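I opened the notebook with two things to look up: nonpolar side chains on the surface, and closed spaces inside.

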Amino acid sequence: MLFLPTAKENEIQEVVFQKRAKFKTTDITSVEISTKEAQAVASLGGGVETLLKSLPSVNSNAELSSQYMVRGGSYDENLIYINDIELYRPFLVRNSLQEGMSIINPDMVSTINFSAGGFEPRYGDKMSSALNIYYRQPEKFELSGEASLIGGRLSAGFASKDKKFTGIISGRYRNTNLVLNTLNEDTDFNPRYFDLQSYLNYQFNDKWSVSFLGYLAKNDYEMVPKKKEVDFGSLLQPLRLTVFYNGQEDDQYKNMMGTVSVNFKPSKKWQLTLDNFAYQNREREYYSIASGYILEAFDENGNPTAGYDAGGQIDHARNDLLVRVVGSQFRTKFSPDINTDVEVGAKFERETIKDFTNEWQFIDSIGYSNPRDFVIPGQLDASSLNLNYYIAGQNNITPTRISAYAQFSKKFYWGDNRIFVNGGARVQNWSFNKETLFSPRAQIAIKPNWDMDMLFKLAAGVYYQAPFYKEIKDLTGAFNPDIRAQKSYQVILSNDYEFQIGDSQRKPFKLTTEAYYKKMENLIPYYLDNVRTRYSGKNNAEGYAYGIDARLFGQFVPGVDSWISASYARVYESIEGMGYIPRPTDQRFRFTMFYQDYMPKFPSMRVNLTLTYGSGLPSGTPVLFDANGLPDYLAAYRYQKTLPAYKRVDIGLTKVFIDQKDNKASGDFWRNFKELTLGVQIFNAFNINNTIANQWISDVNSTPHIYYPVPVRLTGRFFNVTLGFKL
């Protein structure tokens, strides 16, 4: 008799740490951000980045910019993904006035995950953060839009009857002329920003699907400056800089990208994706501006007492940049059970960078060009006519970049404690500098079986800042083929504590605390000119960063989320062994709050408030050159000034006329509306004169020259009115 073995079934219990998102992430360092808040927050640049800047580890002291710095890193150290495709930002933008809208359209977003460091291997080679956005797939026809004093947007979504074909298309336009007019200067601005995005999906069957993600962005920035007066100094020595201008600036930034993704899911355990993408960035920065200035001191009655400097300046640039990236990436995910994931991926990129730089500055101070050699009084001055700086280059390279990663994620029980581990590595090779990077990374989380709901997390790894256009370009305008990737060793230790407050009505809260340390090598020193990062093009520095973050998240008001963030952080560098000094992104203390509320008796009236306080960033002189036209890499040690603290409050007030809850529409026409709102936004509600940078003016009467830091102000109070609808 033949005895058949009895089939034995083993039920695998799913280990759950938190509510599962629509797109499951295995990265324990990531924070999920609500798309609802991203659409509601009062924002000049983009709702997603505005909320990011309210997190404790994220810093940005420029309300017109969607760029941000994370834990002492520069603007260029942050990864941004949409549907797992890496995105690029414009490269030549010098100040926040030139920036347009964020590339992320909040109307199209379904999931937002952000990691401030220690992220998993599937994310690329940058040293600071990773932002991963997933666009949504509509389930039926929808139409939404918004109109305001500074622009508008219109989005349309659709789905076929069988739900196989879905798509969403959105267009946005913005002109910040009214906002820029709050600056205390006489300037004609004409900034125009437009973008068009689409996300289309077709499901052939249960196994095969294809999607297309595309966007086109065109930003035009025109400026004709006329006059500016800046009062600064102190009560004991009040100073005023008066500048008259002639000339104009005309900049253009065009970005476009298209991605076709083929998805194959042969079973519940396997998922394979092939992405084919092409990106092109065309930038033009043209300006010729002549200015005459006078620097004066005043007495307590406002009468001028001394003129420290008078002269003129000419700023000229004819900069053109073309960046084109085409490539393919293959990603596969194997899940043998509900608690285990194995991911492997590889990417090939072909890059084209054509850079033509012709940029110079001439400063004339009381009849002499600056810089100039010291001359003993009474002797003839035989100094040459020198430019303050001259940067020129014609670069054309077509390198290839190959990268790959592998990672393993597992949830399991250790006794009564829940454990999560995630580990792996990624490699990259770039043909331009012939450097191969190896980046091991690991994460572990432990949720003890305690009465208190706590989760402990530890992440560590080696993270590189793979060089690209900005890092390889030195201060003379040439590309440096010997440049190496910047390197950092990171350790992040964090704790999540979830609890409830209240007696009759329990309110959920979550307190997250993180401590981190970074040790950095092969650093490329950089100089911040407003929001432009200009690198030295040499790996001649080392540094370290450390800090502690805290965020209290919860429903201070039932039904709506709010949070309070605080952080203390320091970042230092030593250039050519000269000793450690703060990096330009060293912001020691930062406090932010995002708060939402509504009136209990009038629930259709809603308000959100964003409050920011950040201690001042270090502000050294911009790139300095000696009399021979050579860059002075150590100027940061001679000229250091801390900017004033950044303080700002933005308020959004919304009246809901129609929604799907308590304010349902009546009447044949109004029933077509799913939502109808009228809002008032108050930007910089207390009209605080924040400073983003310093303009350094030299006094040639002194020996050696004294440089006066003249503050570059940000925008003042501005009222915006919005009308939004959804059909």
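**Surface patch**

I looked first at the surface, where Leu-149, Leu-178, Leu-653, Phe-657, Leu-678, Val-680, Phe-719, Val-721 and Leu-723 form a nonpolar patch with about 760 Å² of accessible area together. I took a patch here as residues with over 30% relative accessible area and no salt bridge, nonpolar side chains (Val, Leu, Ile, Met, Phe, Trp, Tyr) being joined within 5 Å, a salt bridge as a side-chain nitrogen of Lys or Arg within 4 Å of a carboxyl oxygen of Asp or Glu, and areas from the Shrake-Rupley method with a 1.4 Å probe.

This is a predicted model, in which local features need pLDDT of at least 70 and side-chain atom pairs count only at pLDDT 80 or more, while totals for chains, interfaces and linings use all residues. Residues are numbered from 1 along each chain as its sequence is written, and side-chain values use heavy atoms, with hydrogens and water left out.

I then noted that β34 (646-658), β35 (675-683) and β38 (718-726) each supply at least two residues of the patch, and that β38 gives the most, with three; strands are DSSP runs of E, at least two residues long, numbered from the N terminus. Leu-149 lies in the loop between β8 (142-148) and β9 (151-159), and it counts as partly exposed because its relative accessibility is 48%, between the limits of 20% for buried and 50% for exposed.

**Largest cavity**

I found that the lining of the largest cavity has eleven nonpolar, six polar and twelve charged residues, with Asp, Glu, Lys and Arg counted as charged, Ala, Val, Leu, Ile, Met, Phe, Trp, Tyr, Cys and Pro as nonpolar, and the others as polar.

Technical notes:
Patches are made of residues with over 30% relative accessible area and no salt bridge: like charges are joined within 9 Å, nonpolar side chains (Val, Leu, Ile, Met, Phe, Trp, Tyr) within 5 Å. Helices (H or I, at least four residues) and strands (E, at least two) are DSSP runs, numbered from the N terminus. Buried means under 20% relative accessible area, exposed over 50%, partly exposed in between (1.4 Å probe, protein chains only).
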